[in-house]
Amino acid sequence: MSIRIAAGSVRRPLSLVLLAALSPLGALAQAPSAPAQSAPQAPTAQPSAVASPAPGTLRTVTLQEALSLAAKQGPDVAAARAQSAVAAAGVRRAWTAWQPELTLSGQFVHSSAAAELDLGSFVQLVGGVFALQPVNPGIIPPPVVISAENSRYATAQISQPLFTPAGVFLIGPAKAGAEAAELGALEAREQVLLAVARTYLGLQGIMQMMDAAREAEQVALQREADARAQLGVGMTVEASLLRAQAETAQARVQLAQLSGQYAQLLAMLGALVGEPVQPAPLETPGPQWVIPSDDQSPWEDTFAVRSASKAVQANEGKVTYDRFSWLPSLAAIARGNYNSNAGFTGKNTTYELVVAASVPLYDRGQRYANLHEDEARLAQARAQYESARARGRANWVAAKANLEAAQAALAQAEAQSQLAARVQQQIAAAFKAGVATSLEMSDADTRRFLAASAAAQARATLEIRRVELVAAAGRIASSLEQAEQSQPR
């Protein structure tokens with residue numbers, strides 16, 4: 001048996017994990033190549049020693065458990081949540097337009113010369129010049145200190161906005177923007193979960209193909225042993241032994257390549273989940289996906305479309321604020337003062353109550369520039385919303401068509417696999433009866449391995465297409481939540 005595997009897509013960066021999860025499965029669609037020219041004396045009687053790709057030290061998880069771990073602790077999901085938290089802080093910033101402002105300031109001033117107002121000295125000066133004397137010198141007030149040599153000042157002020165355009169028109173857009181960011185984080189989580197499911201199912205597909213490759217290796221070893229026995233009694237030629245050895249070598253190369261691809265996807269799965277894990281056995285039941293019908297328009301309920309809709313609302317609110325930002329701002333101010341110099345009032349503490357209004361008349365055209373910029377962003381958000389709706393519907397239609405095609409392909413692949421197994425058994429019986437040649441045996445073995453590998457690939461592809469349909473409706477996370485709620489506690 002001679003199998004050629006394409007190895008051009010063995011290494012992929014983590015950002016292309018969605019394609020890398022499928023690349024190992026498509027490698028088995030290659031046609032068989034010519035047998036390798038190796039010496040018949042090479043000893044190949046022992047089975048291959050390819051290490052198990054699933055180390056026992058790793059934690060074994062089901063697909064549902066892997067998805068739950070990724071949703072809770074995946075680094076990509078955590079980054080999306082942090083971005084959503086940044087946007088949520090904008091809502092608190094918008095509410096600050098209505099919150100009071102409290103300030104407290106103090107000063108200590110040292111002057112080289114004190115400043116005071118002494119009316120008695122002034123009167124004496126005037127009287128000395130004009131020879132005038134006051135009628136009652138007792139009415140002259142004592143000197144008033146304006147600024148002592150060491151002075152202390154303190155001010156406490158609270159300002160409460162009564163009306164502000166920002167507080168009226170910007171809180172709603174901030175809330176819509178935060179909701180859009182939160183929905184965007186949920187969409188990012190859906191894509192991460194889709195990548196986890198593709199990688200997980202790709203690993204299970206490789207496990208099935210490795211089982212087929214191990215079976216092919218055992219068959220090739222049996223053919224090699226039969227050829228050696230026949231060669232020993234002179235019933236065949238060395239070409240038959242050479243062909244059997246080439247089939248054994250090709251089966252082991254196949255196992256080595258699949259083992260490397262398994263290790264690669266296993267590392268990707270650990271990076272997406274947040275810890276090293278390995279898939280459960282193939283017989284383990286998977287999650288029960290919630291797939292809506294077409295009449296429900298599920299693409300309209302995806303996180304991407306809803307996020308784009310909230311982005312339109314946020315930009316509409318910003319445009320409204322720009323159009324009404326000329327409205328006046330009104331604030332109530334209470335101010336308390338302390339001055340170590342009593343001055344003319346004779347008091348060290350005073351307070352003031354102020355109602356202040358501010359009317360923007362012209363701000364160098366900044367308001368009009370902001371208006372035009374936000375109107376352009378609103379047009380962009382509306383276009384992105386329509387684009388998200390169109391893409392969502394296209395993804396749903398494509399995913400549904402791919403699922404139907406995968407179901408048909410799986411039925412055909414399983415039928416071919418069963419037929420190839422029967423043909424191999426018939427050729428083996430005919431070969432023992434002496435009516436079939438070793439070439440026919442080699443061809444039957446090769447066709448059975450290719451059919452078994454194609455069936456394994458079709459089964460994995462069908463499960464991936466089903467998950468893609470669920471992702472097109474934005475229901476991966478909700479399906480997990482329903483499954484967890486239905487589990488007995």
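**Close-up 1. Aspartate 443 and arginine 447 pair up within helix 11.** Aspartate 443 counts as partly exposed because its relative accessible area is 39%. Its partner in this predicted model is arginine 447, and the two form a salt bridge. The closest N and O atoms are 2.9 Å apart. Arginine 447 has a relative accessible area of 54%, so this residue is exposed. The two residues sit 4 residues apart, about one turn of the helix.

**Close-up 2. A buried salt bridge joins arginine 198 and glutamate 468.** Their side chains meet at 2.4 Å, N to O. The link spans distant parts of the chain. Arginine 198 belongs to helix 7, glutamate 468 to helix 11, and 270 residues separate them. Both residues are buried. Through shared salt-bridge partners, Arg198, Arg465 and Glu468 become one network.

**Close-up 3. Arginine 459 and glutamate 414 connect helix 11 with helix 10.** This pair is also a salt bridge, with its closest N and O atoms 3.8 Å apart. Again the link ties distant parts of the chain, here 45 residues apart. Arginine 459 counts as partly exposed because its relative accessibility is 32%. Glutamate 414 has 31%, so this residue is partly exposed as well. Across the whole structure, a search finds 18 salt bridges.

**Close-up 4. The largest nonpolar core holds 44 residues.** Leu67, Leu193, Val196, Tyr200 and Ile476 have the most contacts inside this core. Helices 3, 7, 8, 11 and 12 each give two or more residues to the core. Helix 7 (171–232) supplies the largest share, 15 residues. A second, separate core has 13 residues, among them Trp299, Ala406, Ala458 and Leu469.

**Close-up 5. Leucine 193 and its contacts.** Set aside the neighbours within four places in sequence. Leucine 193 then touches Leu67, Ala70 and Ala71. Leucine 193 is also in contact with Ile476, Ala477 and Leu480. Two of the names here, Leu67 and Ile476, are listed with Leu193 among the residues with the most contacts inside the largest core.

**Close-up 6. A nonpolar patch lies on the surface.** Four residues form the patch: Val359, Leu361, Tyr362 and Tyr368. Together they have about 520 Å² of accessible area. Leucine 361 sits in the loop between strand 8 (349–358) and helix 10 (366–433). Its relative accessibility is 80%, so leucine 361 counts as exposed.

Technical notes. Residues are numbered from 1 along each chain as its sequence is written. This is a predicted model: local features need pLDDT of at least 70, side-chain atom pairs count only at pLDDT 80 or more; totals for chains, interfaces and linings use all residues. Side-chain values use heavy atoms; hydrogens and water are left out. Patches are made of residues with over 30% relative accessible area and no salt bridge: like charges are joined within 9 Å, nonpolar side chains (Val, Leu, Ile, Met, Phe, Trp, Tyr) within 5 Å. Accessible areas come from the Shrake-Rupley method with a 1.4 Å probe; for residues, only the protein chains shown count as cover. Buried means under 20% relative accessible area, exposed over 50%, partly exposed in between (1.4 Å probe, protein chains only). A nonpolar core is a set of buried Ala, Val, Leu, Ile, Met, Phe, Trp, Tyr and Cys residues joined through side-chain atoms within 4.5 Å. Contact means heavy atoms within 4.5 Å.
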